[in-house]
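Subject: Structure handover

Hi,

Here is the structure I promised to pass on. Please open it and keep it beside this email as you read.

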Amino acid sequence: MVRRGSYAVLMLASALAAPLAAQERPVLLRDSFAIGSGDGILCQVQDRSVGNPARQSPFDRRWAVVCRDSALPVANVYAFRNFEGDPAARIAPHRREAVECSGGTCKVAGTELGWTTRIERSGITTWVADGFSAYDSATSLALRSVIDNAVASGAIDVASTSVADPLAFARVQAETLKPAQALAEGYRRNLGGEYAEAAAYFETLQQRLEGEADSGINPGEFLVNRALQKSNLGEAAEADRLFAEAEGQTAGDPVAERLQRNFEAIHLLNQGQYDSALARLERGLSGRLAGAEELEGRLAINRPLAARLNGDTAGALGFVDELQLSPEERAEIIDAQALQLRGTAQRMGGDFAGARRSLLDAYSRATAVRDGRVTSITRLRAQVLGELATMAEAEGDLALAETYLRNGLAILQAQYPERRAVSAMEARLGELLLDSGREEEALGLYRGLVNRTVGTRNAATGFANRLAPYFRLLAGRVATDPVAAEDFFKATQILVRPGVAETQAVLARQLSARSDEGARLFRQSTDLGRDIERARIRYEALGRAEPAAGTEAMVAEMAQQIALLEQQQQRTQVQLNDYPEYRVVAPRALSLTDFRDALGEGEAYAKLALVGSDIYVFWLDRSGPRAWQVMLEERDLDFEVDMLRASISLFESGQFVTYPYDISGAHRLFNRLFAPVADDLGAVRHLIFEPDGAFLRLPVDILVTDPASVSRYDARVAAGGDEYDFTGVAWLGRGRQISTAVSAQAFVDARKASVSQAAHEYLGLGRNEPIGVDPPPQARAVIAGGSNRCGWSAGIWNQPIDDAELRIARGLIGDAGSEILTRAEFTDSAISARSDLDEFRVLHFATHGLVTPPEPGCPARPALLTSFGSGTSDGLLSFEEIFDLDLDADIVILSACDTAGEASIEATRAAGVGSGGGTALDGLVRSFIGAGGRAVMASHWPAPDDYSATERLISQMFREGPGSTIGDALGRSRLALMDDPLTSHPYYWGGFSLIGDAARPLLREVRLDTALASDLTSGMGQ
């Protein structure tokens, strides 16, 4: 039955969805367009007609072809009207590269890099495509597209170093587009829900225009947009810094000041600071605009609305319009959005009639600008429809709600195809279909969403909570329905993963080379990409610095350095095309069948998946898959993990304290996670665990599987026994190998990775040289003192970690295949300068790990402590420096404190890494994998010195190593500590996790120098 008044709102829905066809434009009228199919990489063709140096008439055009992984355009396409003469000669002086031709073959001067010039004539137009021969497939598609005035279909067959991360490609596009075009593209990506890409656009554009006073764009606009994207991505501290930097530039600018007001309010809502957000919205503006009307009445946003805005949709409210609009028009659209927010407030307060009036007013005011032919109001229109749908659903009119949502989806699909905003609306519609009892239809919609987005990094960012009904429905079917099992497994692959997952995938791609030269070029290309990003950061910092003598020259020098790095990176990328393995596009998704085939007898995989606030476990062993929902919410899991960690290592009164382990809590958490497979765990000899949420900072090994062992412990303590004696407890990590996987694909890659070709077995590093009471001059930059509250205590350098475990390992392996660096030889500068690090299979660090920031509010800049060397040595082997090492290691052992911790987002970006950061495993673990470590053994809390626990654990692991897997060697070493009452607390044996494949060998079959090892062991015991 149709409710009274539905006819009017149905007509509104139709009107809101109407002007779609007018927004589709021919290729020749677009600023840019994408080329390439899913069978290859993607490239973009950008209109560069303005400033075309080869132009002879007003009708001549030029387009640049930019492709993922290349720092510069790979080709140009020209169109000349009524041209007479040699078009190749016309464009030759304007090439970025000098080209030499002989016998019909052209190459970049001084290289073996091929160059292709293709000329076609159509009517009165002469078309010229000119670029690297390696990119002919992309250049041909670009040429065909502009000739036909329609995007040509086809695959682009070129080498790629990236896996699925679009950020580097976004930066290349922003570097090559005209400034106004790049800014508009940034806005479009924001409105399409691609916040990381939008941030890359705004950041790169700001770097390009730093110091250009006549660019015509208020630089404050870049800053507030960057700040908003950082907030949307959860990078609150960086957003605060950018907003503060923008204040002086937006004040008095009617549009930029409005943007800052709105964006800061959204930023505060993202953090749950509702009162502060309300206060920010009420603050007046100093900039006025003639013709921009003030809203009638006061915009009241109450706490329920603030809570709604703070959800997954909050980031989408950073609404602005295209730069072709006048300031008055932009302000009018922003004010229309405010009306839309007012309608949301009324809807949250139960005033549906008032909400509908406000939403209709918002729509009317927005579409009054240029008769509604403005692409950037698309998101506002879709949001209005979403609000109307919510009210219709609340009133029980599911059919009307569906109409609104489908029209909103049609709007977004027309303007933002393949974007997250479309996926979010599809997920919302899927929820409604499930509520309507139309399960199969909902499954089809969700399945299409996942199939389209899988393979894109963190594809569910911003709408993961909308996927919870899909996971809930599938979980009950996984064990009996193969299609549901495949769907569930694939859906887990679009959830947010730590940045280390991407780094591990890139390493796997590097190791896929069938030649040393191919692997070298791959590594060189990725290294140069990081160098470019770091140089751009320094360039931006110079642009912000106060003018001083020599600053202008430094800026010019840095610009030249960036240009040189870009040229070197592009040439390296072109050379990489000689290696077919790098022209193979990485699979978008791992199938359940392929993953099961990668598992051996006695192996099982358990993935923890956080979907909104829901928690799921996906289980796979050789008998088949299962899935279930954990009866905990994310906040409850955080609390339980925090309680376990607090009983292991808690910093109190300036020192770390260990309490009796919460064994009952550990068993309770085991039951909540693994009760459905508790009876099957006995047959599992190797558990591959993929953590999420709180379990990224807690080893699953220390959960307790058997209630009887808990009862025995309780009875022993009640009888006066030692509450720190946990012998006899049934730990999950007892008697089985446990691998930590950062994604299913990453584990398969780790398992398939070729073994190290290093000539030597072992390199041990540690025992720094103390600095005494008179630190060297270069130590002042890293030691706390004066205004440097985020420096480290000088006392850390004066408490070096003993090198006994290094000497024991070397004694076991033998001098011929091993080496150790200690004391004065163990410096950051010496390690960075070594060119033979890739000649060691096992790298073993025994030193202080500096991961947890020294003071609250300081950024996490993880590093390993070393001795001070000469020159610029700072006594720290930093996250950035580790990434630059060239390793070929089967395993890196970090016998130090908290080495499984995070790197801050700021430290990650400073290292030239454009994604990830801010979560556990994204610190030292990620940097050593990026350097070439196939597996990393890292600690989740301070490595204990009491009872020589860490030395005993690591040394015994090496004794067990020859002929053993990493997991077996570590497991047997742990048993000795578990069974010793003095070291049976998990603090002593449970802190280390193996990120990678624990089933790989620890050592080659080597001769044990047992006499030396025995002497060293005796000394250690004393």
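In which crossing, left-handed or right-handed, does helix 17 pass helix 19? The crossing is left-handed. Before the details, one caution: this is a predicted model.

**Helices 17 and 19**

Two packed helices are described by the angle between their axes and the distance between the axes. Take helix 17, residues 439–453, and helix 19, residues 482–492. Their angle is about 45°, and their axes lie 10 Å apart. That angle makes helix 17 oblique to helix 19. Helix 17 brings Arg447, Val450 and Asn451 to the contact. Helix 19 brings Val483, Asp487, Lys490 and Ala491. Sorted by class, this contact has three nonpolar, one polar and three charged residues.

**Helices 7 and 8**

Now look at helix 7, residues 219–232, and helix 8, residues 236–250. Their axes come within 8 Å and cross at roughly 160°. Helix 7 is therefore roughly antiparallel to helix 8. This crossing is left-handed too. On the helix 7 side, the contact residues include Pro219, Leu223, Ala227 and Ser231. On the helix 8 side, they include Glu238, Leu242, Phe243 and Gln249. The residues of the contact divide into nine nonpolar, four polar and five charged.

**The whole chain**

Step back for a moment. The chain has 36 helices and 24 strands. It holds 1022 residues, and 57% of them are buried. Now take the contacts with a separation of 6 or more. Residues 24 or more positions apart account for 72% of those.

**The sheet of eight strands**

One open sheet has eight strands. Their order is 1-2-3-4-8-7-6-5, and the pairing is antiparallel. Which strands stand at the edges? They are strand 1 (32–35) and strand 5 (99–102). Each has a single partner strand, so one side of each is left without a neighbour in the sheet. From one strand to the next, the twist averages 25°.

Inside this sheet, find strand 7 (residues 114–122) and strand 8 (residues 125–132). They pair in the antiparallel sense over eight bridges. Look for Ser122: it stands opposite Thr125 in strand 8.

**The sheet of three strands**

Another open sheet has three strands, in the order 19-20-21. Its pairing is antiparallel. Strand 19 (849–850) and strand 21 (876–878) are the edge strands, and each pairs on one side only. Strand 19 is joined to strand 20, residues 863–865, by two bridges. These two strands run antiparallel. Leu850 has Ala863 of strand 20 as its bridge partner.

**A covered helix**

Go next to helix 28, residues 804–813. How many of its ten residues are buried? Eight are, so to put it plainly, the helix is mostly covered. The buried ones are Ala804, Glu805, Leu806, Ile808, Ala809, Gly811, Leu812 and Ile813. Gly814 follows helix 28. Its phi is positive, near 105°.

**A buried glutamate**

Is Glu431 buried or exposed? Glu431 counts as buried, because its relative accessibility is 17% and buried means under 20%. Glu431 lies in helix 16, residues 420–435. Set aside its neighbours within four places in sequence. Glu431 is then in contact with Tyr446, Arg466 and Pro469.

**Two positive phi values**

Two residues are left to visit. Asn149 has a phi near 60°, a positive value in a residue other than glycine. Asn149 lies in the loop between helix 3 (136–148) and helix 4 (167–176). At 29% relative accessibility, Asn149 counts as partly exposed.

Ser948 also is a residue other than glycine with a positive phi, near 50°. Where does Ser948 lie? Ser948 sits in the loop between strand 23 (936–939) and helix 33 (949–960). Its relative accessibility is 24%, so Ser948 counts as partly exposed.

Best wishes

Key: Residues are numbered from 1 along each chain as its sequence is written. This is a predicted model: local features need pLDDT of at least 70, side-chain atom pairs count only at pLDDT 80 or more; totals for chains, interfaces and linings use all residues. Side-chain values use heavy atoms; hydrogens and water are left out. Axes are lines fitted to C-alpha atoms, for helices over the stretch in contact, and angles run from 0 to 180 degrees between N-to-C directions. Helices (H or I, at least four residues) and strands (E, at least two) are DSSP runs, numbered from the N terminus. Angles under 35 degrees count as roughly parallel, over 145 as roughly antiparallel, 65 to 115 as roughly perpendicular and the rest as oblique. A crossing is left-handed if the near helix is turned anticlockwise from the far one by less than a right angle, and right-handed if clockwise. Contact means heavy atoms within 4.5 Å. Ala, Val, Leu, Ile, Met, Phe, Trp, Tyr, Cys and Pro count as nonpolar, Asp, Glu, Lys and Arg as charged, and the others, Gly among them, as polar. Two strands pair if DSSP finds at least two bridges between them. Buried means under 20% relative accessible area, exposed over 50%, partly exposed in between (1.4 Å probe, protein chains only).
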